[in-house]
Amino acid sequence: MPKKASRKTLKNKADKTFSLYVRARDRICQVCATNESLQCAHGFSRRYHSTRWDERNAWALCAGCHMTMTHNPIAWENWMQARLGVIEYAELRGKA
């Protein structure tokens, strides 16, 4: 009988699948429009499981833009509000 997958293994598989989905959906960096070194960037941290796999909370960003947004949370928040709109941003923040 096959061994049951651990919770950590299942979470890692879900993260990988979600990341591939987001990068395929967006195809280019949503900040600078390059298609180099795309990563799945989460608006609200992945630690919040309620929004971890919510497609409204993730965008494809190039490595440079991902690092820039990670280290500039006010700019990231402003970008997210402009992208989602104030109401949807508030709903997503409440969900997180």
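A disulfide is counted here where two cysteine sulfur atoms lie within 2.5 Å of each other. The exercises below apply to a predicted model.

**Exercise 1.** Determine how many disulfides the structure holds, and explain why C29 is in that state.

*Solution.* Begin with the chemistry: a disulfide is a covalent bond between the sulfur atoms of two cysteines. Next, take C29, whose sulfur has its closest cysteine sulfur in C65, at 3.7 Å, which is too far for a bond. Then turn to C62, which is in no disulfide either, since the nearest cysteine sulfur, that of C65, is 3.6 Å away. The count for the structure is therefore zero disulfides, given the cut-off of 2.5 Å.

**Exercise 2.** Decide whether C29 and C62 are buried or exposed.

*Solution.* The cut-off for buried is a relative accessible area under 20%. C29, with a relative accessible area of 1%, is buried, and C62, at 10% relative accessibility, counts as buried as well.

**Exercise 3.** Describe the surroundings of strand β2, and find which residue stands opposite C62.

*Solution.* Strand β2 covers residues 58-62, and five of its five residues are buried, so the strand is largely enclosed by the rest of the structure. In a regular strand the side chains alternate between the two faces of the sheet. Sorting β2 by face places A58, A60 and C62 on one side and W59 and L61 on the other, and both faces are covered. Finally, consider the partner: strand β1, residues 38-42, pairs with β2 in the antiparallel sense over five bridges, and L38 stands opposite C62.

Methods. Residues numbered from 1 in each chain as written. Predicted model: local features only at pLDDT ≥ 70, side-chain atom pairs only at ≥ 80, totals over all residues. Heavy atoms only, no water. Buried < 20%, exposed > 50% of the residue type's maximum accessible area, 1.4 Å probe, protein only. Helix = DSSP H or I, 4+ residues; strand = E, 2+ residues; numbered from the N terminus. Pairing = 2+ DSSP bridges.
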